[in-house]
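Colleague: I should like to learn how to read the local features of a protein model. Could we take them one by one, beginning with the cysteines?

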Amino acid sequence: MCTNKFILFCMGIVMSVSSSAWAGDDIPLYKDRTSPIEKRVDDLMSRMTLHEKVLQLQNRASGRLDEIDRIFSGESYGTTHEMSMSAYDCAVMYKELQHYMRTKTRLGIPLLTSAEGIQGIIQNNCTLFPHALAQGSTFNPELIQQMTEAAGEEAKAIGIHQILSSVFDIARELRWGRIEETYGEDPYLIAEMGVAFIKGYQKHRITCMPKHFVAHGTPSGGLNCAGVSGGERELRSLYLYPFRKAIRETSPWAVMTCYSAYDGVSVTGSSYYMTDILRGELGFKGYTYSDWGSVERLMTFHHAAGCREEAARMALMAGVDLNIDSTYETLEKQVEEGRLDVAYIDQAVRRILTVKFELGLFDETYGDPKLVKKGVRNAEKVALAKKVADESAVLLENRNDILPLDLNKYKSVAVVGPNSNQAVLGDYAWTMGDTKEAVSLL
């Protein structure tokens, strides 16, 4: 009798495990689009090795179509990016790359494909819109949402799921070299523009990444990685304001960290900023993405960590889920040697996989090269870019009737400076170094 009870008990366990792990017809539960996302994530994580989990916390840059296998070697990563190809070539490559992830990796985990999108998608030949500082000068959030709806249409055709924008930094340190990326000096304007920016991309099921969390735009001496001073009152009334509004109104699935320190504490390595405030106070539910090199800078710039391993451990435990530099390569060994609790790995992996499921990447990665030639940089989008530029113009009083220039009075005009005969369309434009796309001041 006891034996029979034991057999029935064991059968019950097997049936329970089977029903939770399989969706029927030998399909793993995580591949069943009808199952709740939380259960799909649970099932997938139960199948992953430590090595596979750590790879999900890292970015791997893509390359040419014929380089896919050499670059990825049958392994899936959290995110990828490619920022030098034409829109069409990138669309072809991403389509093949996602097929490779599904069919040539052990568990078929797709990639989050990312691109800069602050002034349009940075793939060559996409529509170039005015930079953020000009966008802010329009004071027209509805127009900026139209802009990112148009850019999002291009991103979707290419197969891009994640935009590394918009910038919520407050421009109050004019020596800082990245003022053009901001909407200006006013937190209210920044929040209104940022919310509209995010909503436009979200229309196409593309997630944005508000950055740089937090208080990055007023560094000491204007140095990009330097610290910011301000105290708790300024933190909440100024620097957190745009993030709070955007998280509440758009629920972005990603946030990017910053390079800087606030009141002497390096933000990327601080659980107070990255967990207590971002998640506890602001209610952020997505995953955090390091600015490029910000984790390594915990060692090389802030000297808050003594080695790469310590910097990686510090950032992960603080709440930085996905890292772009190479320091997270050390996490697997740190877990094996008992220097890091695997619970931190699992927490970060869960957040990243949840976003992949929420965006539908396991069911439909999208991207259609045929749509690129029709929908990328067409006449309608170019006209919209001009409209944004027109509305960004700020009228000044013509004191002393300086304008128009009297050609009878002025025999020559000096046009000086490194950009006098070079049209620079923005640091996030794909035309960097290529002047033929615009008319220079000269």
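Modeller: Let us begin with cysteine 307, which counts as partly exposed because its relative accessibility is 31%. Please bear in mind throughout that this is a predicted model.

Colleague: How many disulfides does a search of the whole structure find?

Modeller: In general, a disulfide is a covalent bond between the sulfur atoms of two cysteines. In this structure, the search finds zero disulfides. Cysteine 307 is in no disulfide, and the nearest cysteine sulfur, that of cysteine 225, is 20 Å away.

Colleague: Why is there no bond between cysteine 90 and cysteine 126?

Modeller: The two sulfurs are 8.5 Å apart, which is too far for a bond, although cysteine 126 holds the closest cysteine sulfur to that of cysteine 90. A pair would have to lie within 2.5 Å to count as a disulfide. As for its surroundings, cysteine 90 counts as buried because its relative accessibility is 0%.

Colleague: Let us turn to the backbone. Which peptide bonds are cis, beginning with the one at serine 166?

Modeller: Most residues other than glycine have a negative phi, and most peptide bonds are trans. Here serine 165 and serine 166 are joined by a cis peptide bond, with omega about 15°. Serine 166 belongs to the loop between β5 (162-163) and α8. A cis bond also runs from phenylalanine 213 to valine 214, where omega is near 0°. Valine 214 is placed in the loop between β6 (207-208) and α9.

Colleague: What is the phi of aspartate 263, and what is that of arginine 377?

Modeller: Aspartate 263 is not a glycine, yet its phi is positive, at about 50°. This residue sits in the loop between β8 and β9 (265-266), and its relative accessibility of 39% makes it partly exposed. Arginine 377, likewise not a glycine, has a positive phi of about 55°. Its place is the loop between α16 (369-375) and α17, and at 33% relative accessibility arginine 377 counts as partly exposed.

Colleague: How should one read the buried side of a helix? Which residues of α9 are buried?

Modeller: One lists the buried residues and then looks at their directions around the axis. In helix α9 (residues 231-239), the buried residues are Gly231, Leu235, Leu238 and Tyr239. They lie on the same side of α9, because they cover an arc of only 105° around the axis.

Colleague: What covers those buried residues of α9?

Modeller: The cover includes the helices α8 (187-202), α10 (241-250) and α11 (271-281), together with the strand β8 (261-262).

Colleague: Now to a single residue. Is alanine 150 buried or exposed, and which residues is it in contact with beyond its neighbours in sequence?

Modeller: Alanine 150, in helix α7 (residues 141-158), is buried, with a relative accessible area of 11%. Leaving aside neighbours within four places in sequence, alanine 150 is in contact with Phe129, Lys381 and Leu384. Of these, lysine 381 is 231 residues from alanine 150 along the chain, yet their C-alpha atoms are separated by 6.6 Å.

Colleague: Finally, the surface. Which residues make the nonpolar patch?

Modeller: Ile402, Leu403, Leu405, Leu407, Tyr410 and Val413 make a nonpolar surface patch of about 630 Å². Within that patch, isoleucine 402 is found in the segment after α17 (379-392).

How values were computed
Residues are numbered from 1 along each chain as its sequence is written. This is a predicted model: local features need pLDDT of at least 70, side-chain atom pairs count only at pLDDT 80 or more; totals for chains, interfaces and linings use all residues. Side-chain values use heavy atoms; hydrogens and water are left out. Patches are made of residues with over 30% relative accessible area and no salt bridge: like charges are joined within 9 Å, nonpolar side chains (Val, Leu, Ile, Met, Phe, Trp, Tyr) within 5 Å. Accessible areas come from the Shrake-Rupley method with a 1.4 Å probe; for residues, only the protein chains shown count as cover. A salt bridge is a side-chain nitrogen of Lys or Arg within 4 Å of a carboxyl oxygen of Asp or Glu. Helices (H or I, at least four residues) and strands (E, at least two) are DSSP runs, numbered from the N terminus. Buried means under 20% relative accessible area, exposed over 50%, partly exposed in between (1.4 Å probe, protein chains only). The arc is that of the directions from the helix axis to the C-beta atoms. Contact means heavy atoms within 4.5 Å.
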